[in-house]
Amino acid sequence: MTALTNTQLSHFSAQLSAETLLEMYWYMLLARRTDERAWLLHRQGKIAFHISGMGHEATQVGAAFAIQRGVDYVAPYYRDLALCLAIGITPRDFMLSLFGKAGEITSKARQMPSHWSHKPLHILSTSSPVATQVPQAAGLAFAIKYKRENGLIDPNDASQPRLALTCLGEGSTSQGEWHEGMNWAGVHKLPFICIVQNNNYAISVPIEQQMAVSHVAERASAYGVLGVTVDGTDVLAVYDVMRAAVERAYNGEGATLIEAKCYRLTPHSSDDDDRTYRPREEVEEAKRADPILRFERHLLERGILTEALKQEYEQRVRQSVDEAQRYAENAPYPEESSLYEDVYMTT
Amino acid sequence: MPEMTLIDAIREAMDEELARDPRVFITGEDVGKRGGVFRATMGLYQKYGEKRIVDSPLAELSIVAIGIGAACAGLVPICEIQFADFIHPAFNQIVNEAAKMYYRSGGTWNVPLTIRAPYGGGIGGGLYHSQSVEAFFTHVPGLKVVIPSTPYDAKGLLKSAVRDPNPVLFFEPKKGYRSIKGEVPEGEYTVPLGKARLARQGSDLSVYAYGMMAHYAVQAAEQVAREDGIQCDVVDLRTLLPIDKETILASFKKTGKALIVYEDNLTMGYGAEIAAILSCDGFEYMDAPIMRLGGPDVPAVPFSHPLQEAFMPNPHKIAAAIRQLAAY
């Protein structure tokens with residue numbers, strides 16, 4: 001697939017209806033505005049921490065729309081706000097997490113924000129040490145294959161997950177966990193997709209100090225896995241390569257490593273200051289290539305989006321984020337007794 | 001009742017669980033055709049096939065991580081770590097991931113995972129085939145830690161571990177794999193996790209132990225009864241986490257004297273927690289200083305035979321400690 005160009009794959013996105021394209025745009029916009037609000041809340045001193053996905057929205061929404069959202073397994077990482085919103089986590093859920101309030105669905109407000117989990121939507125719980133989710137996602141994919149081969153599920157049952165998707169940053173591919181997960185995926189030809197969201201920096205450390213190869217995707221051949229590099233700021237290009245990877249997984253053809261090149265438009269987290277390690281010109285240039293503006297231009301050119309519709313979307317997104325914030329601010333904190341719950345599952 | 005060895009009982013437990021539940025599978029290094037380096041899975045590959053008895057790549061963290069993912073997807077993995085000494089690369093996946101998954105997901109994603117690993121010294125294994133690693137994991141809420149000392153318990157506890165909805169570390173005293181024999185009834189039974197067992201009864205003092213040391217403690221207790229007329233309770237802890245305080249304290253209230261035996265390094269070992277429980281909750285019954293017999297505080301068990309023997313507690317050393325405590 002490395003040899004394939006986006007043009008050759010574009011028949012996938014060419015089939016997307018105007019309605020679906022607008023839905024993709026909606027989730028990108030929703031993620032961006034929710035993310036911006038989180039930064040604002042942090043600067044206002046209302047929340048303790050935020051970790052941002054700004055600049056990664058095209059990759060994540062392109063990926064989400066290529067899988068069976070809420071059915072296929074997803075083991076995300078902390079930048080996957082847009083991915084998780086597109087799968088079904090709501091701005092309200094995210095705001096409850098930011099404020100650490102009762103009713104927070106991923107962890108009962110035990111985890112820091114952006115440590116996603118939603119079992120009914122098949123989003124696996126993730127931790128903070130990076131790449132730990134990769135071999136676990138291989139385990140999810142192993143289970144899919146196992147259940148099919150041992151007759152535990154009907155292969156035509158649409159309610160059953162048919163692949164496991166996991167995401168991480170390029171810096172995290174330095175971890176042994178990533179290697180071991182990729183190796184299982186290759187050895188067992190698992191229905192597994194790994195998206196490396198390559199934004200060139202692991203907090204402050206540039207990619208040159210993480211790896212001696214110029215593209216993460218080059219590493220795929222070492223695992224007997226297909227590798228492809230895609231422009232992660234082009235939502236339709238990501239969708240196209242993801243659809244090809246999804247077909248491979250569904251058809252039992254094995255795992256795919258997708259390197260989506262994008263740019264982190266913000267510091268690593270609310271506690272970081274990227275001025276110490278990134279030139280401002282570089283950041284400004286990336287902002288001009290903002291994936292949301294890019295998709296917006298595309299949709300406007302095709303007449304799918306209009307200025308009036310854009311304003312309507314902005315207004316609806318704002319309402320949604322406002323409502324979520326209000327709800328979370330007014331929600332109570334968890335009961336102290338909840339500290340002691342869920343240590344062991346009892347049968 | 002048929003008599004069998006510890007490892008035969010372990011294999012029988014896995015065989016029965018594999019037959020009972022198609023979601024149960026085994027993975028680990030050499031568990032397939034080879035049947036495991038200790039033969040714990042011998043014949044299972046031939047019986048259940050390569051789809052259920054899966055030779056893993058030689059990479060311990062992935063064995064556990066694959067197990068976590070598969071368990072979250074509704075399977076019931078039994079993961080074998082070839083020697084407990086090799087579990088350390090998987091420490092992050094066990095402690096940060098498996099143990100915390102249920103808590104960190106607000107009680108939604110649970111991990112019904114069993115991790116088996118042979119542990120302990122006395123087999124000429126040197127620094128890296130002799131370690132006792134239980135204390136690293138008994139410090140971690142969310143995990144269960146089980147160590148059997150008899151074939152009966154090994155089978156019943158392993159079946160309970162496999163059926164438990166939480167991650168269970170099942171450490172097997174490998175020195176006793178073939179030397180420990182005992183009666184095992186035919187057919188289905190389980191031994192509940194979280195319950196210690198009174199392996200022997202006596203009123204002079206209480207010996208607390210697990211695994212190979214529980215086996216030795218019974219031998220030592222028989223010896224001092226015969227030679228010195230000292231009668232010991234021997235409490236085989238069986239499940240180290242969660243801990244059975246009730247049985248531990250019941251014995252101490254009867255005897256007022258406690259000897260805790262473990263082959264791990266003495267300092268900060270599992271016995272420290274037993275000592276803390278006895279001194280906090282059993283203080284009014286205390287009749288002598290709480291005594292611990294453990295391995296010395298050197299990095300690990302040396303290879304050279306006399307050095308290994310100097311490291312390891314054995315029935316003779318346990319008997320000497322019992323006599324010393326009884327005389328207090």
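What follows is a trainee and a mentor talking through a predicted model.

Trainee: Let's start with the sheet in chain A. In what order do its 5 strands run?

Mentor: We're dealing with an open sheet, and the pairing is parallel. Its neighbouring strands are turned by 20° against each other on average, direction ignored. Reading across chain A, the order is β1-β2-β3-β7-β6.

Trainee: Which strands stand at the edges of that sheet?

Mentor: Look for strands with a single partner, because one side of each is then left without a neighbour in the sheet. In chain A that description fits residues 73–75 and residues 226–231. Those are β1 and β6.

Trainee: How do β1(A) and β2(A) pair, and which residue is the bridge partner of Tyr73(A)?

Mentor: β1(A) and β2(A) pair in the parallel sense, over 3 bridges. For Tyr73(A), go across to β2(A), and the partner there is Ala164(A).

Trainee: Moving on to β2 and β3 of chain A, over how many bridges do they pair?

Mentor: β2 covers residues 164–169 and β3 covers residues 192–198, both in chain A. One spot to look at is Leu168(A), which stands opposite Val196(A) in β3(A). The two strands pair in the parallel sense, and the count of bridges is 6.

Trainee: Is β2(A) enclosed or open, and how many of its residues are buried?

Mentor: Take the two faces in turn. Ala164(A), Thr166(A) and Leu168(A) point one way, while Leu165(A), Cys167(A) and Gly169(A) point the other way, and all are buried. So the strand is largely enclosed by the rest of the structure, with a buried count of 6 of the 6 residues.

Trainee: What about helix α4 of chain A: which strands does it lie across, and at about what angle does it run to β3(A)?

Mentor: α4 spans residues 57–64 of chain A, and it lies across β2, β3 and β7, the last being residues 256–261. The helix is largely enclosed by the rest of the structure, since 8 of its 8 residues are buried. Those buried residues include Glu57(A) and Gln60(A). Its angle to β3(A) is about 165°.

Trainee: How far does helix α7 of chain A reach from its first C-alpha to its last?

Mentor: α7 takes in residues 133–149, which is 17 residues. It's mostly covered, with 14 of those 17 buried. Just after the helix, Gly151(A) takes a positive phi of about 65°. End to end, the reach is close to the value expected at 1.5 Å a residue, and it comes to 24 Å.

Trainee: There are 21 aromatic pairs over all chains. What kind of pair do Phe142(A) and Trp184(A) form?

Mentor: Phe142(A) lies in α7 and Trp184(A) in α8 (residues 176–187), so the pair ties together parts of chain A that are 42 residues apart in sequence. Phe142(A) and Trp184(A) are both buried. The centres are 5.9 Å apart and the planes make 85°, which means the pair is over the 60-degree cut-off. That makes it edge-to-face.

Trainee: And what kind of pair do Tyr201(A) and Tyr277(A) form?

Mentor: This pair links distant parts of the chain, 76 residues apart: Tyr201(A) is in strand β4 and Tyr277(A) in the loop between β7 and α10. Tyr201(A) is buried at 11% relative accessible area, and Tyr277(A) counts as buried at 17%. With 5.9 Å centre to centre and 50° between the planes, the pair is tilted.

Trainee: Which ring does the charged end of Arg110(A) sit over?

Mentor: Within chain A there's a similar arrangement to look at, with the charged end of Arg316(A) over the ring of Trp26(A), 4.7 Å from its centre. For Arg110(A), the ring belongs to chain B, and the charged end is 4.0 Å from its centre. That ring is the one of Tyr103(B).

Trainee: Last one, on Glu16(B): how far from Glu188(B) is it in space, C-alpha to C-alpha?

Mentor: Glu16(B) is in helix α1 (residues 6–20) of chain B, and at 23% relative accessibility it counts as partly exposed. It touches Lys155(B), Lys159(B), Gly187(B) and Glu188(B), leaving aside residues up to four places away in sequence. Glu16(B) and Glu188(B) are 172 residues apart in sequence, and their distance in space is 8.3 Å.

Terms used. Residues numbered from 1 in each chain as written. Chains lettered and ligands numbered in written order. Predicted model: local features only at pLDDT ≥ 70, side-chain atom pairs only at ≥ 80, totals over all residues. Heavy atoms only, no water. Pairing = 2+ DSSP bridges. Helix = DSSP H or I, 4+ residues; strand = E, 2+ residues; numbered from the N terminus. Axes fitted to C-alpha atoms, helices over the stretch in contact; angles between N-to-C directions. Contact = heavy atoms within 4.5 Å. Expected span 1.5 Å × (residues − 1). Buried < 20%, exposed > 50% of the residue type's maximum accessible area, 1.4 Å probe, protein only. Phe/Tyr/Trp six-rings, centres within 6.5 Å; stacked < 30°, edge-to-face > 60°. Lys NZ or Arg CZ within 6 Å of the ring centre and 35° of its normal.
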